[in-house]
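Hi everyone, thanks for making time today. I'd like to walk you through a structure that may be new to you, so have a look at it first.

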Amino acid sequence: MTHPQTKTRRSALIGAVLAAGSLAVSCVPASSGAPTGGASVADPSGFVFPLERTVPLSDTFGAPRSGGRTHQGQDLMAPKMTRVVAVVSGTITQIRHSNAGNAGNQIRLTGDDGWNYYYIHLNNDTPGTDDGRSRFDQAFVDGLRVGQRVLAGEPIGYVGDSGNAESTAPHLHFEAHAPGVGIVNNFAQLKAALVAVRDTTASRPFGALDSAGAVAPNTIRVQGWALAAQGEDTVPVTVYLNGNPAGSATANTARADVGVAYGRGGNHGFDVTVGGVVAGTHEVCVVLHNPTAGGGSRTNCALVPVG
Ligand SMILES: [Zn+2]
């Protein structure tokens with residue numbers, strides 16, 4: 001996307017959000033810092049469409065459902081693994097990784113606008129199958145965790161058919177809950193935001209997995225380093241085994257070489273030991289969490305045999 005296109009679409013988005021009328025969200029703080037790439041947003045003050053693609057929309061709020069229920073939310077029909085994004089800047093306040101119940105894999109985003117947004121029926125399948133066995137990183141984007149700050153437009157998960165959507169076409173069931181009110185039908189807001197196009201403005205951490213190996217029976221030790229995109233913030237890291245979170249730490253141990261190489265302080269190493277690993281060969285990856293907002297990133301991965 002070129003910059004002139006981005007500007008034009010930004011203006012269109014702002015106009016569309018204002019036109020949404022009573023459901024227009026209140027202003028949220030603009031993000032700060034120099035954009036250096038990564039996924040993010042058209043405009044940090046605007047409501048962003050929850051999918052990374054345009055889809056047909058029809059208002060099904062209140063439509064009859066099984067057991068005498070009515071439909072509480074909107075269904076956005078899209079292929080499995082379509083990325084879902086934060087509709088506003090805010091904080092991830094719930095991640096549910098379970099196929100039980102109606103919702104299945106679910107995220108709750110609490111916006112800086114005070115609203116709660118629910119992303120329901122996220123992917124639970126190994127891509128290309130309907131096996132109900134997705135890894136954490138096939139339901140949610142790398143490193144997503146409760147308490148994480150996200151920017152409007154930042155990818156957070158993947159469309160699927162988990163929960164009671166297992167027998168339906170894949171879709172995102174999306175709910176908007178207003179503070180002090182509860183669930184509302186925000187169809188007009190979704191429709192207005194459909195034209196939104198996100199660009200890339202987030203600043204992501206970077207680093208490396210230097211070593212990963214078995215150090216004892218059923219035990220893997222993982223070492224490396226991580227730096228925030230700018231500044232001296234320490235970077236939280238999560239070790240993923242075969243796509244699922246298995247251990248975490250903060251990259252704050254001594255690594256004088258990294259400090260010299262990047263002109264930063266010397267305490268940006270990590271050293272994580274993960275126990276209880278079954279025998280076999282495991283894919284080890286390290287997810288680096290942005291200490292502020294704007295998404296995580298992943299280091300190189302390693303295959304580790306464990307006896
Ligand atoms: Zn639904």
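Let me begin with one term: when I say contact, I mean heavy atoms within 4.5 Å. Please also keep in mind that this is a predicted model.

With that in hand, how much of the contact in the chain links residues 24 or more positions apart? Counting contacts with a separation of 6 or more, such residues account for 68%. The chain itself has four helices and 17 strands. Of its 307 residues, 47% are buried. As for the outside, about 12900 Å² is exposed, and carbon and sulfur atoms supply 54% of that.

Now to the inside. In general, nonpolar side chains in soluble globular proteins tend to be buried together. Here, the largest nonpolar core has 37 residues. L51, L109, Y117, Y119, L172 and F174 are the ones with the most contacts inside this core. Several elements each supply at least two of its residues, including β4 (105-111), β5 (116-122) and β15 (280-288). Strand β8 gives the largest share, four residues. And where does this core lie with respect to domain 1 (3-193) and domain 2 (206-306)? Both domains give residues to the core, so it lies between them.

There is another core apart from that one, with 19 residues, and V222, A226, V235 and V306 are among them.

Let me stay with F174 for a moment. Beyond its neighbours within four places in sequence, F174 is in contact with a whole list of residues, among them F47, P50, Y117, Y119 and L190.

Next, the metal. Which residues are the protein donors of the zinc ion? They are H71 through NE2, D75 through OD and H173 through ND1, at 2.0 to 2.2 Å from the ion. Along the sequence the spacing reads H-x3-D-x97-H. H71 sits in the loop between α1 (3-19) and β1 (74-77), while H173 is in strand β8, so to speak of this pair is to link distant parts of the chain, 102 residues apart.

Are these two histidines buried or exposed? H71 counts as buried at 4% relative accessibility, and H173 is buried too, with a relative accessible area of 8%.

Finally, a closer look at H173. Its side chain makes a polar contact of 2.8 Å with the side chain of E175. A polar atom of the H173 side chain also lies 2.9 Å from the backbone oxygen of Q72. Leaving out residues up to four places away in sequence, H173 touches H71 and D75, and also Y118, Y119, I120 and H121, among others.

Thanks for listening!

Notes
Residues are numbered from 1 along each chain as its sequence is written. This is a predicted model: local features need pLDDT of at least 70, side-chain atom pairs count only at pLDDT 80 or more; totals for chains, interfaces and linings use all residues. Side-chain values use heavy atoms; hydrogens and water are left out. A nonpolar core is a set of buried Ala, Val, Leu, Ile, Met, Phe, Trp, Tyr and Cys residues joined through side-chain atoms within 4.5 Å. Buried means under 20% relative accessible area, exposed over 50%, partly exposed in between (1.4 Å probe, protein chains only). Domain bounds come from an automatic or database domain assignment. Accessible areas come from the Shrake-Rupley method with a 1.4 Å probe; for residues, only the protein chains shown count as cover. Donors are N, O and S atoms within 2.8 Å of the metal (3.2 Å for Na, K and Ca); water is not among the atoms, so sites may look incomplete. A polar contact is a pair of N or O atoms within 3.5 Å; within protein, one must be able to donate a hydrogen and the other to accept it, and residues adjacent in sequence count only if both atoms are side-chain atoms.
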